[in-house]
Amino acid sequence: MKRLTEQLSSMQFTTGILAVLMLWFACGILLAESDPFREGFRVMNSFLTPDWFSQPGRLSFLLKLWFVGLCCVMAVLGINLIFCSWTKILKLMRNRQAASRLVMLIIHIVFGLLALGHFGSFVLGYRYENVNLREGQTFALPEGYAVTVKAIHGGENPVMFQSSKEQAGRAFRSESSFCDVAVTHNGKEVAQGSVFFLRPLVYKDIQVTLKRFPPPKDAKHHNLGALNTAVRLIISRNPVKKVVFVLFPVMIAGIGMYMVMTWRPRPADKPN
């Protein structure tokens, strides 16, 4: 048992698992760049993990196999993390003065919690991508919540839809292109605000992000009054997001502290 523990907590085993993980990610990049699987990765980015498998045919068998393999590699890395942490705990019990080992143990624990948090973001909460709403329209959410678009600003410029990309870029103004939304719970308004690009509205764990202004069907006409402007939103709920955001800088600070504590300057070369 002791020998097995030493093998599972060894640096060689960790290096091997990390090499396999990098190779697995490289395979995923190649799949994502290939035409037959590009749409599948778009689905994986737009929905939570349970939705990938709930509808037959949504994902190809190869993509499901790749994801299951990724989970298996991460599970083995988690086992390695547990045994590494246990070994360091035993060493700390024998040598209470080893402050650097305590810091490294904390780093291991925080990294494990971060990995669990990232995995939780794939399966917990919800994510609705490409929600198209016009002024006054409402999108219902679980647990009695709903998002209503109260007003749309800046999306009615036909130059954005009729011209070339270069002209559309000059016509677009991010500071004047936004929408006003309200979050309700059981019919009662609990939050409201303006949603800009890269500036979402956040209420508790619910986040409303402005993705784009989809071109209206009658954008080819020059009559602004005829345009029925809409916004495309991403509405998500990630209950572990705050935990991940707090733990990540803690881990970075711990790594920096460990480097300072274990830094050994090179001895000066002796003169001949």
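**Note on the predicted model: cores, cysteines and confidence**

1. Cys179 is buried, because its relative accessibility is 0%, and the cut-off for buried is under 20%. The structure in which Cys179 sits is a predicted model.

2. Cys179 also belongs to the largest nonpolar core, which has 22 residues. Together with Val231, Leu233 and Ile235, Cys179 touches the most other members of that core. Strands β1 (126–134), β3 (145–153), β4 (178–185), β5 (188–195), β6 (201–203), β7 (206–212) and β8 (230–237) each give two or more residues to the core. The largest share, 4 residues, comes from β3. In general, nonpolar side chains in soluble globular proteins tend to be buried together.

3. Which residues does Leu233 contact, leaving aside neighbours within four places in sequence? The contacts of Leu233 are Tyr128, Glu129, Asn130, Val131, Leu133, Val149, Cys179, Val208, Thr209, Leu210 and Lys211. Cys179, named in the first point, is thus one of the contacts of Leu233.

4. There is also a second, separate core, made of 15 residues. Among them are Phe41, Leu59, Phe67 and Val73.

5. Val43 is part of helix α3, which covers residues 35–46. Is Val43 buried or exposed? Val43 counts as buried because its relative accessibility is 7%, against a cut-off of under 20%. Not counting residues up to four places away in sequence, Val43 touches Trp52, Arg58 and Leu59. Of these contacts, Arg58 is 15 residues from Val43 in sequence, with a C-alpha to C-alpha distance of 7.8 Å in space. Leu59, another contact of Val43, is a member of the second core.

6. How many disulfides does a search of the whole structure find? The search finds 0. A disulfide is a covalent bond between the sulfur atoms of two cysteines. Cys72 serves as an example: the closest cysteine sulfur belongs to Cys71 and is 7.0 Å from the sulfur of Cys72, so the two are too far apart for a bond. The cut-off for a disulfide is sulfur atoms within 2.5 Å. Cys72 is partly exposed, because its relative accessible area is 45%, whereas Cys179 is buried at 0%.

7. Some parts of the model call for a remark on confidence. The protein chain has an average pLDDT of 79, and 81% of the residues score at least 70. Over residues 157–171, pLDDT stays under 50, and the model has 21 contacts beyond four places in sequence for this stretch. Over residues 221–226, pLDDT also stays under 50, with 5 such contacts in the model.

Technical notes: Residues are numbered from 1 along each chain as its sequence is written. This is a predicted model: local features need pLDDT of at least 70, side-chain atom pairs count only at pLDDT 80 or more; totals for chains, interfaces and linings use all residues. Side-chain values use heavy atoms; hydrogens and water are left out. A nonpolar core is a set of buried Ala, Val, Leu, Ile, Met, Phe, Trp, Tyr and Cys residues joined through side-chain atoms within 4.5 Å. Buried means under 20% relative accessible area, exposed over 50%, partly exposed in between (1.4 Å probe, protein chains only). Contact means heavy atoms within 4.5 Å. pLDDT is the predictor's confidence in each residue, from 0 to 100.
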